[in-house]
Amino acid sequence: MTAKTGPVPSGKTAAVPAVLLAHHLKQLKLPTILREHEKVAREAARDGVDHVRYLLRLVELELLDRERRVTERRIGEAKFLTVKSLDTFDFAAIPSLNRMLTLELVRCEYVARRENVIALGNSGTGKTHVALALGLAACQRGFSTLFLTAHALASQLMEARDEKRLLKLQAQLQNVKLLIVDELGYVPLSQVGAELLFEVFSQRYERGSTIVTSNLPFEEWPAVFRSERLTGALLDRLTHHVHILEMNGESYRLKQSAGRRTAARAEPPKATAHQDHAAAPGEHDRDPHAASQPS
Ligand code: ADP
Ligand code: MG
């Protein structure tokens, strides 16, 4: 809708309503309406659309944009290493993974039900990829999400404790709808780190969803948490409402680099820690080298 037609005293006066409108829209934090209203008005005039529909169109645009902005902020706050989705995930490469369950989890109903997900399998099989994809889906569906490695989480908790802000951090971790703890077991935890991590899982029990990825089967978790008793209590809580993603198989990373080598007709590769690993697909990765190079 254009400014009122008819005689106007001067160009300056005619601009006043537009200036005021821009000012008010900024005050009201309606940037999309501010940006679009003139263009949409021209279209409305052209198509003979009445003022209610014109206003509706503008408000819809603002709402859509707002949702997009909020989702983007949520994705930023989730602190993903990279943004990945299942669109780029090749299920055929990992036959042990339950495809139906994974696709169901992407719908995030488990987050609403405060259930957990544990992805277990050797290195390079896409655990982090799937965890990132589930995290992204949660952000897109409106759930606050936080992604970090078990090692980073334990370090942050210990640092917070030393700086006397542990309660605040624990409250933040408790309130997030989906907490993703990647790479549990790659790096052994200190006694204090293990206890603080246990407290986080314990405080989130039936309050929020947690995704854990690990290269270690449950039997080996006591070595990570340095206590049978603590691990028992932890698994009890974590697995009460849980979806397990079995992700043992050939490392996708290795398969890809092997594929590239073949394509390039390169020299036969020299033995490295990674290739040794490739010789035993399906084996659990306890290679300390993997710990220093988190995937
Ligand atoms: P993990 O966490 O199990 O060690 P990652 O998720 O880090 O494995 O996977 C290693 C790399 O391979 C990543 O770049 C990931 O995106 C890719 N990848 C792994 N599995 C698949 C797959 N099935 N389809 C597509 N990409 C994959
Ligand atoms: Mg990983």
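**A five-stranded parallel sheet and its surroundings**

In this predicted model, five strands form an open sheet in the order β2-β3-β4-β1-β5, with parallel pairing. The edges are taken by β2 (145-149) and β5 (242-246). Each has a single partner strand, so one side of each is left without a neighbour in the sheet. On average, neighbouring strands of this sheet are turned by 10° against each other, direction ignored.

The edge strand β2 pairs with β3 (residues 178-184). The two run parallel and are joined by five bridges. Thr145 has Leu178 of β3 as its bridge partner. Leu146 stands opposite Leu179 in β3.

Although β2 stands at an edge of the sheet, five of its five residues are buried. In a regular strand, side chains alternate between the two faces of the sheet. Both faces of β2 are covered. Thr145, Phe147 and Thr149 are buried on one side. Leu146 and Leu148 are buried on the other.

Helix α9 (residues 191-204) lies across β3 and β4 (209-214). The helix runs at about 145° to β3.

Helix α6 covers residues 127-140. At 1.5 Å a residue, its 14 residues should span 20 Å. The end C-alpha atoms of α6 are 20 Å apart, which agrees with that expectation. Of the 14 residues of α6, 13 are buried, meaning under 20% relative accessible area. The helix is therefore largely enclosed by the rest of the structure. Gly142 follows α6 and has a positive phi, near 95°.

Key. Residues numbered from 1 in each chain as written. Chains lettered and ligands numbered in written order. Predicted model: local features only at pLDDT ≥ 70, side-chain atom pairs only at ≥ 80, totals over all residues. Heavy atoms only, no water. Pairing = 2+ DSSP bridges. Helix = DSSP H or I, 4+ residues; strand = E, 2+ residues; numbered from the N terminus. Axes fitted to C-alpha atoms, helices over the stretch in contact; angles between N-to-C directions. Contact = heavy atoms within 4.5 Å. Expected span 1.5 Å × (residues − 1). Buried < 20%, exposed > 50% of the residue type's maximum accessible area, 1.4 Å probe, protein only.
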